[in-house]
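Work through the exercises below with the sequence and the model open. Each task is followed by a solution in steps.

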Amino acid sequence: GLSGAVVLEVMVTSKWSQRARRDIQRRALQSCGPLAGEQHIIELLFFMGDFNASEGERLADVAAAAEREQEEFGDLVQVGGPDSDPPVYRDVTYVLDRPCARTYRLAHGSRWLVENRPHFEYVLYLDDDSYLNYPRLMQHLEPVRSGDLAMGFTMETELDWSQTHVCELCDPCEPCLKSEELNTFCNQFPDMAYGGCVMAIQNCKIFNDDEDLNLCVRGKVDAIRRLSMYFGSTSAPRWLLGMGWVFGRNIVGWIGRNADSLKVRGAADVMLGFWLAPLENVRWVPMNEGQFHDHPDVPGKSMFSRECTEKTVLVHRLTPQHWAEDFDPVTCKLRCPRRLHPQPAEQGEGGGGAEEEGA
């Protein structure tokens, strides 16, 4: 391309029912694109799964609406696969018996880009409820110019936390170590460390409070075994949080060319770690210091929430209200005031930013 010009494809995986979110992203790019620098080429595309009718809808109507939307915007790419995943708790890593909606579309959407947009330099994957400051992103991309770029909020997590030491969870440790009630309960689970058992209990109390504790802990043990069996490892290689990330063309090319062979039954963001692990020379650019974050005004409390600052490039988990009240289309900036009083922090379950709404 032109010297200094960046060719960026923006890939959003979207559910058919989320037309409103697609329209918000279209308007945001219209506002922000020109401010990023006239020389840059930015294209927004929505990668879609198989048609899926919500309650009380006919499939034919969904397909007809899709055709009208495509006539108007021309930015829908249907690569197929499931439209969405079953509901799971936020930040839970999961494996399904069939391809995960977003994971499948990332692989096959990458293939589509390689075949149909051969001149791209970078692909930005963006969650459909994320805000992106395009001008600031370009400031980060311009100096890098690497086909091996992997930019995002980097994570490294244990898939199997069953061997956690109890003193990592309890501070001070003594009361947990000496608790007769905990010891008696955890003796039923000889294949878990005492700390793993305590962690499972904490998770059950947050996520499954109405379930029998014994059954719940057993369920957690089975779930982490299933994960480590599927991934072939007890921990995940470095991966990128699902809010958004940028890959250089070499990485996208590798994913696209191997789309039919790659594992796609695991949660999309953790899966990235396994896809990238065999690649030489990946140029990791972490955006963990306030560049990529969750909106501060989210229900409960997200460990990834931050205030918006001059460093903010991407903000995840925006509601239509946030867009309407806090986004300035003239400057492409987002104010993100706190409106709610956040509840105590959720304990994540081993990482893995699954979205409740699937894709």
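**Exercise 1. Surroundings of a cysteine**

Task: Leaving aside its neighbours within four places in sequence, find which residues Cys176 is in contact with, and state whether Cys176 is buried or exposed.

Solution. Step 1: With contact taken as heavy atoms within 4.5 Å, Cys176 touches Val166, Cys170, Leu182, Asn183 and Tyr194, once neighbours within four places in sequence are set aside. Step 2: The model is a predicted one, where local features need pLDDT of at least 70, side-chain atom pairs count only at pLDDT 80 or more, and totals for chains, interfaces and linings use all residues. Residues are numbered from 1 along each chain as its sequence is written, and side-chain values use heavy atoms, with hydrogens and water left out. Step 3: Buried means under 20% relative accessible area, exposed over 50%, and partly exposed in between (1.4 Å probe, protein chains only). The relative accessible area of Cys176 is 16%, so Cys176 is buried. Step 4: Cys176 belongs to helix H5, residues 174-178. Helices (H or I, at least four residues) and strands (E, at least two) are DSSP runs, numbered from the N terminus. Step 5: From Cys176 to Gln321 there are 145 residues in sequence and 44 Å in space, C-alpha to C-alpha.

**Exercise 2. The seven-stranded sheet**

Task: Give the order of the strands in the open sheet of seven strands, and explain why one side of E3 and of E8 is left without a neighbour in the sheet.

Solution. Step 1: The order is E3-E2-E1-E4-E7-E6-E8, and the pairing is mixed. Two strands pair if DSSP finds at least two bridges between them. Step 2: E3 and strand E8 (283-286) are at the edges and have a single partner strand each, so each has one side without a neighbour in the sheet. Step 3: On average, neighbouring strands of this sheet are turned by 45° against each other, direction ignored. Step 4: Take the pairs one by one. E2 (residues 41-48) is parallel to E3 (residues 76-78) over three bridges, with Phe46 opposite Leu76. E1 (residues 7-14) is parallel to E2 over eight bridges; here Val7 faces Ile41 and Val10 faces Leu44. E1 is also parallel to E4 (residues 122-126), over four bridges, and Leu124 in E4 is the bridge partner of Val10. Step 5: E6 (residues 149-158) and E7 (residues 235-248) run antiparallel and are joined by seven bridges; Thr157 has Ala236 in E7 as its bridge partner.

**Exercise 3. Cover on the strands**

Task: How many residues of E1 and of E2 are buried, and which helices lie across these strands?

Solution. Step 1: In E1, eight of eight residues are buried. Val7, Glu9, Met11 and Thr13 are on one side, and Leu8, Val10, Val12 and Ser14 are on the other, so to speak two covered faces. Step 2: In E2, six of the eight residues are buried. Step 3: H1 lies across E1, E2, E3 and E4 and runs at about 175° to E2. Helix H3 (residues 101-116) lies across E1, E2, E3, E4 and E7, at about 150° to E1. Axes are lines fitted to C-alpha atoms, for helices over the stretch in contact, and angles run from 0 to 180 degrees between N-to-C directions.

**Exercise 4. Two helices**

Task: Describe how H1 and H2 cross, and list the residues that meet.

Solution. Step 1: Two packed helices are described by the angle between their axes and the distance between the axes. Step 2: The axes of H1 and H2 (residues 59-73) come within 13 Å and cross at roughly 5°. That makes the two helices roughly parallel, a term for angles under 35 degrees (over 145 is roughly antiparallel, 65 to 115 roughly perpendicular, and the rest oblique). Step 3: Arg19, Arg22, Asp23 and Arg26 in H1 meet Glu69, Glu72 and Phe73 in H2. Step 4: By class, this contact has one nonpolar, no polar and six charged residues. Ala, Val, Leu, Ile, Met, Phe, Trp, Tyr, Cys and Pro count as nonpolar, Asp, Glu, Lys and Arg as charged, and the others, Gly among them, as polar.
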